[in-house]
Amino acid sequence: MMRVSKRSTIKGKYILLIRVTAVLLALISLGVFISFMGHDPIKVYKAMIEGCFGSAYRFKETIKTAIPLTITALGIMLAFKMKFWNIGAEGQILMGAFAGSFVALNFTNLPKPIMLTLMLIAGIIGGGIWALIPTWFKVKYGTNETLFTLMMNYIALKWIIYLQYGPWKDPNALGFPKIPNFVDAALLPKFLGVHLGWVIAIVLVVGIYFLINYTKLGFEISVIGNSENTARYAGMNVKGIILKTLFIGGGLCGMSGIIQASAVSGNLTYEVSAGVGYTAIIIAWLSGMRAPIIPLTAFLFAILTQGASYIQTAFQIPQSAAEILQGMILIFTLASEFFISYKVNFDFSNIGKTRKQLKEEM
Amino acid sequence: MAILVFLHAAVQAGTPLLFATAGEILTEKSGNLNLGVEGLMLIGAVFGFLAGNSTNSPLLAVLSAAAAGALCGLLFAWLTVSLRANQVVTGLSITILGTGLSGFIGRGLMGKVMSESFTHVFRIIEVPLLSKIPLIGPVLFKQNIFVLSGYLCAILLGLYLNKTRFGLNLRIIGENPYAADASGIQVSLYKYVHIAIGGAMCALGGAYLSLVYVPAWQEQITAGRGWIAVALVIFSSWNPNKAIFGAFLFGGLDIIGFRIQQYNLPISQYLIDMLPYVVTISALIYMSISKSGSGNAPEALSEPYFREERY
């Protein structure tokens, strides 16, 4: 009756259609959910859009939300392309922020350009090393990277909490546990109204796109992702490539962390990552691991988050609704993958025939 | 004597881990890696509390939690078995959905408490005979009914997997689904059923937190326990009996940070809080270095089963 067969080819436009349908279905489902709660979904969605684009300030806030999502998703994409499940982006963000903050707090007399450059480099190194630790074990002993990187997230979080409540606690903060604010030289300046992070993000998108499609490393990453054995037979140094790539990926997440600390909060707290590390995983996945699509998806998610925070006061719909929507978009997209890879054929001609008839036909 | 008190508390702290680990063992034995345990625990916690608070019936609370977990398990099963989606990402999406959904529903439950008659059901009881065993007896058997059902679940799971026909079939599916299919076992049906039951058990782990351990609803009530449970599955070599030991060990690590404070050690409490995660990592590394470690994993774990590719 229903036959499932694998597709051999599929047109790109068809893939786009399926993916967009998935997102639309998720939005419609949440709309139904919202109407069950007694609100008019159209009004709610309109309010969400207004919450993001309604004023220059809100638009800038939306962009500011999209920046760390973009940079982190790029870093995650590099790992995922090799089928290395790096769930540790959250921890890499935190450790990058930590490393950059170390520079910011201890070298306060540096001029601004040097200070910022050093902070960014420190952020890359911090995140990169944090990613290297689980990678090294995976490469050497085959240790499960999904759980290792996840545990590293929690350790990184506890580390920052330890610093915030302990050695780095601000003595001038009247007992309130916080790390001192960065000096002005350590704050990322604005460009066209939003902090420089957006320029960095765009540069990185172009850079990573170039890396994946026009460099040797990019090629090696794709081959390993497709089949590790093929890469080995081709003489590639698989272990070295994985370590290199994860360092870059973790470094990107770390950079995202220090950018957030420097440009948005002006100091370091354990909330500097705010779940970006996990949301960025969805973004990387939904973008089909393609660098140019990542900023678009990140922007979409920024709209969801910003919008949700805006309607929280207006409609009493809690922030977690944004999370539900993100989860649903992901689920619908995962489900739609099936229709991209497989074709379903319905053949009703055999209904109603008896066993004898079927046998005779054979 | 202080150590016995500590062990007693460790058992209570380890019970949510035990339920979640046992549920995940069942799921993984069927060949599917469900990383949504954290989300499942949260769903179990919130629905259990919701049901318990509105109906004042502990039985309904537990059943609702299990049902909610089973439903989410079915969603995971549908995505990974029928739609052949990537299991790692699907599990993550269940976690995200579970976190969001529980936060959403839980908002109306903040600050609520259970009635006297409700908490009375989960009071400490003494199992006749067994609790009289010197030293270990009170630690293990002078506990509330939820904790006791935890051991029961794990032991029954072990018996099911190793001594019954269904358990054997399940294990075959996890090792080599093609061979199982060829010998007439209905692979998809087994996967659906066991993933759903596994999901229900994980949800019960969460329900324990909101109904007995805390007992209330908090946003981060699971605090990463779901992930530790996934690691515990590897740590206990997919063996439910070892899982009991592992769960209590990690339960102890969970509470040690707070308790050790009174001894005024020079180490900050926050560093000690890292212990469960550091130990988990050490266990992961150890398991991967030792040859036999991950050799006990079901061979076909996290590989989607394509019936069409049987030939």
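The largest cavity in this predicted model encloses about 100 Å³ of space, and it belongs to a set of 2 cavities of 30 Å³ or more that the structure holds. The second largest cavity has a volume of about 40 Å³. Beyond these cavities, the briefing turns to particular places in the backbone, namely a cis peptide bond that leads to B:Pro215 and positive phi values at A:Met289 and at B:Asn56.

**The largest cavity**

- The lining of the largest cavity is made up of 14 residues, and those that lie nearest its centre are A:Leu30, A:Ile34, A:Ile311, A:Ile317 and A:Ala321.
- Two or more lining residues come from each of four elements of chain A, which are helix 1 (12-36), helix 2 (41-53), helix 12 (293-315) and helix 13 (320-341).
- When the lining of the largest cavity is sorted by class, it shows 14 nonpolar residues, with no polar and no charged residues among them.

**The second largest cavity**

- The residues that line the second largest cavity are A:Leu116, A:Met119, A:Leu120, A:Leu188, A:Ile258, A:Ile259 and A:Ser262.
- In chain A, helix 5 (112-141) and helix 10 (238-265) are the elements that give two or more residues to this lining.
- By class, the lining of the second largest cavity consists of 6 nonpolar residues and 1 polar residue, while no charged residue takes part.
- The polar residue in this lining is A:Ser262, because serine is not on the list of residues that count as nonpolar or charged.

**A cis peptide bond in chain B**

- The peptide bond that runs from B:Val214 to B:Pro215 is cis, and its omega angle is near -25°.
- B:Pro215 itself sits in the loop of chain B that lies between helix 10 (187-213) and helix 11 (225-235).

**Positive phi values outside glycine**

- A:Met289 has a phi near 60°, which is a positive value in a residue other than glycine.
- This methionine, A:Met289, is found in chain A, in the loop between helix 11 (276-286) and helix 12.
- A:Met289 has a relative accessible area of 12% and therefore counts as buried, since the cut-off for that class is under 20%.
- B:Asn56 is not a glycine either, yet its phi is positive, at about 60°.
- In chain B, the loop between helix 2 (37-55) and helix 3 (58-82) is the place where B:Asn56 lies.
- B:Asn56 has a relative accessible area of 35% and so is classed as partly exposed, because that class covers values between the 20% limit for buried and the 50% limit for exposed.

How values were computed:
Residues numbered from 1 in each chain as written. Chains lettered and ligands numbered in written order. Predicted model: local features only at pLDDT ≥ 70, side-chain atom pairs only at ≥ 80, totals over all residues. Heavy atoms only, no water. 1 Å grid on protein atoms, 1.4 Å probe; cavity = no way out; pocket = protein on both sides within 12 Å on 5 of 7 lines; lining within 4 Å. Points joined across faces, edges and corners; volume = space filled by probe spheres on them. Buried < 20%, exposed > 50% of the residue type's maximum accessible area, 1.4 Å probe, protein only.
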